[in-house]
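Here are some exercises for getting to know a new structure. Try each one yourself before you read the solution.

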There are 2 protein chains.
Amino acid sequence: MDYLIYSVEDDKNIARILEVALKREGYEFCHFLDGNSFLSAFYKRTPNMVLLDMMLPDIQGSEILKTIRKEERFDDVEIIILSANRMVMDKVDGLDLGADDYIEKPFDILELISRINAKVRRHIKNNTVTYKNIEIDFDRHSVRKDGVLIELTGKEYLILSMLFKRGEKVLTREEIYQALWGQSAVESRTVDMHIKSLRRKLSDSKGQFIKTVYGVGYRLEI
Amino acid sequence: MDYLIYSVEDDKNIARILEVALKREGYEFCHFLDGNSFLSAFYKRTPNMVLLDMMLPDIQGSEILKTIRKEERFDDVEIIILSANRMVMDKVDGLDLGADDYIEKPFDILELISRINAKVRRHIKNNTVTYKNIEIDFDRHSVRKDGVLIELTGKEYLILSMLFKRGEKVLTREEIYQALWGQSAVESRTVDMHIKSLRRKLSDSKGQFIKTVYGVGYRLEI
DNA sequence: TCGATTTTTACAAGTTCTTTACATTTATTT
DNA sequence: AAATAAATGTAAAGAACTTGTAAAAATCGA
């Protein structure tokens, strides 16, 4: 299914219940006992969903929420707050801070699963293409390398998506110019610039993924 | 589109879902409720892709897989295993036996479609011509000898593609000059140079593949 | 307006193409 | 068959062209 869920939760029993239930549903799941180990993993490999306890030993859950939501590239990560604290304040605050849902402890595991499934169904609109370890999602306009979100600018995304749609076949400079500016501009080095940025962001400095076809254009190498 | 997909699946509901979704995508689709009726159809009209359930009423899915993969002429048929059985064994075995992908039930139909689309994009025969053990791919601007990629420069590629289009018939120097520079340049040794490079890159130093027709031009030797 | 993005500039680096000069092969003439 | 002429093969050099790159300038969008 290829859907990764992290939980941050200092109660090992709850973590265990989540693990069993979510893995049975076919999700990839990892739990973390504190905020710091979670954040470190989060930056290494960004999950699709986070189940976030607000009461953690080291960092406030709301701080984690703020940290994630500060960066636009993480907009697609669903964050669900799990909290024992019944104060309405918390709920409102959490949603204000950018959480996508709020579930009160103690929760019914079946209900939790069904709410998660519902979200995933809505969330997976899988209009994606993957080459090597790089995935482009045409719906979200997002790109991941090894599961980690890569932030691209508009033009970079457009060129990369053209390349992905074309695959191994050559995409000529002329076609890129036509698509981006509706005309040819043979003298300009703009496309090269964007290709360079793409290669840098995708750690492809030698052009092993985005191949140059001398005198013609570019193509992907599988 | 001209892409034929078979499924072997004893669950009529799943078969129905597949049928609706795949036909909407423009694929030609047939489903079979058991292994024997599938195999019989398979030999009558071989499909491009097979969606194979491992748990069938009559034959084991793995047997079907082995049967198909035994024959080299079916190498191009993509086989995707659909299985409810989560045992890793199954997955590893299936891929070992020559399946191209493995999708677990219950699967998300949208995800399945997107994975099929991705495979089809990559699989659909390219715009290629083959002589002897050399294949030219007009879309990629690439050439393979015994399946190994040969890097050609622009002019080399142009001349070789002219030769491939002409086949055994002679391609005159005059024609090459006309095509490459729009004029004749009888004094120049440039074409000879490119022919030499081509022969070197194609390991054809004696000109057994690209024959010289003295006083006229060049032609391919089948 | 400010910050981010895009484009231009100017040069560097890299690749391909052409020429040159001579060698070799093939055809023609004697 | 030998000599000659014509066509093609070949290696090397550098000319011509294409692409890479960093930084500055212009433009765009919130």
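**Exercise 1.** How many bridges join β10(A) to strand β12 (residues 217–220) of chain A, and do the two run parallel or antiparallel?

*Solution.* Keep in mind that you're looking at a predicted model.
- Start with the count: β10(A) and β12(A) are joined by two bridges.
- Next, the direction: these two strands run antiparallel.
- To see one pairing in detail, find A:Leu171, whose bridge partner in β12(A) is A:Tyr218.
- Now zoom out to the open sheet of three strands, which has the order β10-β12-β11 in chain A, with antiparallel pairing.
- β10 (171–172) and β11 (210–213) of chain A are the edge strands; each has a single partner strand, so one side of each has no neighbour in the sheet.

**Exercise 2.** Find strand β1 (residues 4–8) of chain A and work out in which sense it pairs with strand β2 (residues 28–32) of chain A. Then trace how the chain gets from one to the other.

*Solution.*
- β1(A) and β2(A) pair in the parallel sense, over five bridges.
- On the way from β1(A) to β2(A), the chain passes through helix α1 (residues 12–24) of chain A, and this β-α-β crossover is right-handed.
- For a landmark, look at A:Ser7, which stands opposite A:His31 in β2(A).
- As for the whole of chain A, you should find eight helices and twelve strands.
- Of its 222 residues, 28% are buried.

**Exercise 3.** Sort out helix α2 (residues 35–44) of chain B: which residues of α2(B) are buried, and which are exposed on the other side?

*Solution.*
- The buried ones are B:Gly35, B:Phe38 and B:Phe42.
- These cover an arc of only 60° around the axis, so they sit on the same side of α2(B).
- Turn to the other side of α2(B), and you'll meet the exposed B:Ser40, B:Tyr43 and B:Lys44.
- What lies over the buried residues of α2(B)? The cover includes β1 (4–8), β2 (28–32) and α3 (61–70) of chain B.

**Exercise 4.** Stay in α2(B) and pick out B:Asn36. Why does B:Asn36 count as partly exposed?

*Solution.*
- Count the neighbours: B:Asn36 has 15 other C-beta atoms within 10 Å.
- Being buried takes 20 or more, and being exposed takes 12 or fewer, so with 15 B:Asn36 is partly exposed.
- Leaving out residues up to four places away in sequence, B:Asn36 touches B:Asp58 and B:Ile59.
- Follow the chain to B:Val8, 28 residues apart from B:Asn36; their C-alpha atoms are separated by 9.7 Å.

**Exercise 5.** Which residues come nearest to DNA strand D, and which are closest to DNA strand C?

*Solution.*
- Take DNA strand D, with 24 residues around it; A:Arg189, A:Asp192, A:Thr212, B:Asp192 and B:Thr212 come nearest.
- The largest share of this surface comes from α8(B), with five residues.
- Sorted by class, the surface near DNA strand D has eight nonpolar, seven polar and nine charged residues.
- Move on to DNA strand C, surrounded by 19 residues; the closest are A:Thr153, A:Gly154, B:Thr153, B:Gly154 and B:Lys155.
- Here α6 (154–166) and α8 of chain A, along with α6 (154–166) and α8 of chain B, each supply at least two residues.
- By class, the surface near DNA strand C has five nonpolar, eight polar and six charged residues.

Notes: Residues numbered from 1 in each chain as written. Chains lettered and ligands numbered in written order. Predicted model: local features only at pLDDT ≥ 70, side-chain atom pairs only at ≥ 80, totals over all residues. Near = placed C-beta within 6 Å. Helix = DSSP H or I, 4+ residues; strand = E, 2+ residues; numbered from the N terminus. Nonpolar A, V, L, I, M, F, W, Y, C, P; charged D, E, K, R; others polar. Pairing = 2+ DSSP bridges. Right-handed = clockwise from strand over helix to strand, strands pointing away. Contact = placed C-beta atoms within 7 Å. Arc of directions from axis to C-beta.
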